[in-house]
Amino acid sequence: MLVPVDRAKQPWWRSAVFYQVYPRSFADFDGDGVGDLGGVREKLGYLELLGIDALWVCPVMTSPMADGGYDVADPRDIDPLFGGLAAMDELIAEAHLRHIKITMDLVPNHTSNEHPWFLAALEAGPDSPERARYLFRDGRGPGGDAPPNNWPSIFGGPAWTRITEPDGTPGQWYLHIFAPEQPDLNWENPEVAADFEKTLRFWLDRGVDGFRLDVAHGMAKPAGLPDMAVAKSSMLSNDDDDPRFNNPAVHEIHRRIRKVLDDYPDAVSIGEVWVNDNTRFGEYLRPDELHLAFNFRLAKTDFDADHVRAAIDNSLAAVAPVAAAPTWTLSNHDIAREVTRYGGGAVGEARARAMLLVELALPGTVFIYNGAELGLPNVDDLPDEVLQDPAWERSGHTERGRDGCRVPIPWEGTTPPFGFTTGTPWLPMPADWAGRTVEAQLEELGSTLSLYRMAIELRGLRPEFSGDRIEWYGSPPGCLAFRREGGLVCVLNASNIPTQLPPGDVLLASAALDGGQLPPNTAAWLV
Ligand code: TEU
């Protein structure tokens with residue numbers, strides 16, 4: 001007989017449901033059209049109803065907002081746009097009263113070009129200690145007119161920008177894997193690591209429960225910054241042979257970070273690790289490195305039972321050798337929303353609902369991106385002039401970027417901005433979202449929001465949702481079925497014909513069941 005694992009004996013984050021707040025788009029408290037921390041605090045009651053355990057709050061530190069806050073000018077203060085430090089303290093306190101944990105998003109790979117360190121580096125000349133905190137190099141070719149190597153920026157164009165020296169002459173170049181407003185730090189400089197430790201302790205001492213670490217496979221750079229073998233054609237792809245990422249020295253950085261986290265026994269570190277190779281991915285989760293790492297396989301998988309099964313197996317295999325908890329996510333602020341990825345419209349939404357049940361049936365930690373619980377689609381018809389993602393300008397208007405998954409959340413009412421703000425929302429909201437608001441869905445039993453609430457509640461309460469292993473069952477073509485160690489059976493019909501349900505009592509289904517049949521684009525939980 002299987003003995004269900006007692007989840008109370010495990011660290012909280014090993015089975016938690018995290019909710020990702022993109023603060024600019026969640027709820028606007030002060031009426032300036034941009035969401036803020038006061039807005040998050042105001043909606044804590046809603047988040048409690050949803051049943052989530054923890055928030056991942058995207059960057060809210062001081063920032064000129066060249067990349068939505070991922071360009072940080074002061075890592076130990078909150079931007080006035082989001083309500084300043086007092087708003088963060090209030091959010092932490094109130095969330096804790098409601099037993100919701102708060103994790104912040106820190107950006108160790110780069111700073112803003114308005115960070116005092118970078119401003120000082122521009123002022124000081126070549127070979128100064130100020131420049132040594134970043135990656136300044138002389139250019140190549142006559143007059144140093146060409147970038148130091150051939151690396152492209154993730155957002156398009158070269159990963160190097162040339163500066164003008166204080167005396168007015170054309171000067172050195174600095175490395176920025178992302179936008180020019182995001183200069184990469186030199187992690188070989190001890191000051192950089194020491195300052196990051198200070199930032200970790202600053203927030204942990206204020207009561208945050210952990211961090212999501214941005215580009216956690218970045219930071220370390222290869223000696224000599226060699227050219228890439230083949231210049232990448234697709235800017236937004238991170239692959240394993242890319243010298244910009246996943247250099248072995250990154251692991252020493254994670255060990256230093258972990259030493260700080262270990263002084264705060266309940267705190268969690270979650271790395272954004274875009275590494276495909278399972279062995280190399282698992283290395284980030286060794287006992288003295290990160291606690292968790294995002295696995296993007298499900299988010300990159302289409303609605304196909306064999307592909308979904310392969311993604312699940314792969315993600316489980318990646319963490320098994322290091323005994324880390326797997327993580328599951330269907331979307332985030334960088335990825336098109338799942339309803340749209342799965343085909344859009346009613347079919348896309350039905351598939352997204354089915355995939356939610358698959359995701360929540362699995363062992364490990366789940367991350368839900370704000371608005372997914374409302375079944376929001378991507379907004380792919382934003383007018384050109386409102387686009388803000390740096391990728392749009394940097395790509396010479398060939399990549400529209402990620403704004404389509406960052407449109408503000410509709411809360412109530414029948415016309416935009418649907419209670420998101422009393423002002424003008426920073427991105428326009430589709431007029432046809434009246435049926436998608438929280439208000440419209442909250443008491444509607446068949447709504448996607450209700451499905452999320454019921455599914456999260458069952459996952460937290462029922463003993464069948466326990467155990468680290470799953471066992472695959474045979475299933476008809478286009479379908480999958482597995483049994484979680486604790487006894488839950490999850491079935492998914494991704495084919496276009498109804499299929500027979502296996503024996504058992506149905507706990508929850510993503511659509512109405514037709515007798516003993518599971519319709520297409522539907523998943524069900526049985527015990
Ligand atoms: O993303 C890092 C990253 O590698 C992504 O740009 C990824 O390549 C792309 O989105 C795949 O679709 C993080 C943040 O999540 C992102 O929002 C920031 O823009 C970026 O870092 C820079 O800080």
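**Exercise 1. Determine how strand 5 is joined to strand 9 and to strand 2, and whether strand 5 is covered or not.**

Step 1. Strand 5 and strand 9 (residues 210–213) run parallel and are joined by four bridges, where strands are DSSP runs of E with at least two residues, helices are runs of H or I with at least four residues, and both are numbered from the N terminus. Within this pair, leucine 106 stands opposite leucine 213 in strand 9. The model examined here is predicted, so that local features need pLDDT of at least 70 and side-chain atom pairs count only at pLDDT 80 or more, while totals for chains, interfaces and linings use all residues. Residues are numbered from 1 along each chain as its sequence is written, and side-chain values use heavy atoms, with hydrogens and water left out.

Step 2. Strand 2 (residues 54–57) is likewise joined to strand 5 by four bridges, and these two run parallel; here leucine 55 stands opposite isoleucine 102 in strand 5.

Step 3. Strand 5 itself, residues 101–106, is mostly covered, with five of its six residues buried, where buried means under 20% relative accessible area, exposed over 50%, and partly exposed in between, for a 1.4 Å probe and protein chains only.

**Exercise 2. Place these strands in their sheet, and identify the edge strands.**

Step 1. The sheet is open and has eight strands in the order 11-10-9-5-2-1-13-12, with parallel pairing; two strands pair if DSSP finds at least two bridges between them. In general, strands of a sheet pair through backbone hydrogen bonds, either parallel or antiparallel.

Step 2. Following that order to its ends gives strand 11 (292–293) and strand 12 (327–329) as the edge strands, each of which pairs on one side only.

Step 3. Strand 1 (residues 17–21) runs parallel to strand 13 and is joined to it by four bridges, and the bridge partner of phenylalanine 18 in strand 13 is phenylalanine 367.

Step 4. Threonine 365 lies in strand 13, which spans residues 365–369. Threonine 365 counts as buried because its relative accessibility is 0%, and its side chain reaches the backbone oxygen of arginine 14 at 3.4 Å.

**Exercise 3. Describe the largest cavity by its volume and its lining.**

Step 1. The search of the whole structure finds four cavities of 30 Å³ or more, a cavity being a set of points, on a 1 Å grid over the protein atoms alone, where a 1.4 Å probe fits but cannot get out.

Step 2. The largest cavity holds about 180 Å³ of space, where grid points are joined across faces, edges and corners and the volume is the space filled by probe spheres set on the points.

Step 3. Its lining, meaning residues with an atom within 4 Å of a point, comprises 16 residues, and Pro75, Val107, Leu185, Asp195 and Phe196 lie nearest the centre of the cavity. Helix 6 (residues 190–205) gives the most to this lining, with four residues.

Step 4. By class, the lining divides into eleven nonpolar, four polar and one charged residue; Ala, Val, Leu, Ile, Met, Phe, Trp, Tyr, Cys and Pro count as nonpolar, Asp, Glu, Lys and Arg as charged, and the others, Gly among them, as polar.

**Exercise 4. Find which residues are closest to the ligand, and list distances from side chains to its oxygen atoms.**

Step 1. The ligand is surrounded by 18 residues, of which the closest are Asp67, His110, Asp214, His333 and Asp334; a residue is near a molecule if one of its heavy atoms lies within 4 Å of it.

Step 2. A polar side-chain atom of aspartate 67 lies 2.6 Å from an oxygen atom of the ligand, and for aspartate 334 the corresponding distance to a ligand oxygen atom is 2.5 Å. For arginine 212, an N or O atom in the side chain is 3.1 Å from an oxygen atom of the ligand.

**Exercise 5. Decide whether aspartate 127 and asparagine 521 are buried or exposed, and state where each lies.**

Step 1. Aspartate 127, in the loop between helix 5 (116–123) and strand 6 (136–137), has phi near 65°, a positive value in a residue other than glycine. Its relative accessible area is 78%, and therefore aspartate 127 is exposed.

Step 2. Asparagine 521, in the loop between strand 19 (517–518) and strand 20 (522–526), has phi near 60°, again a positive value in a residue other than glycine. Its relative accessibility is 13%, so asparagine 521 counts as buried.

Conventions
1 Å grid on protein atoms, 1.4 Å probe; cavity = no way out; pocket = protein on both sides within 12 Å on 5 of 7 lines; lining within 4 Å. Polar contact = N/O pair within 3.5 Å; in protein donor to acceptor, adjacent residues only side chain to side chain.
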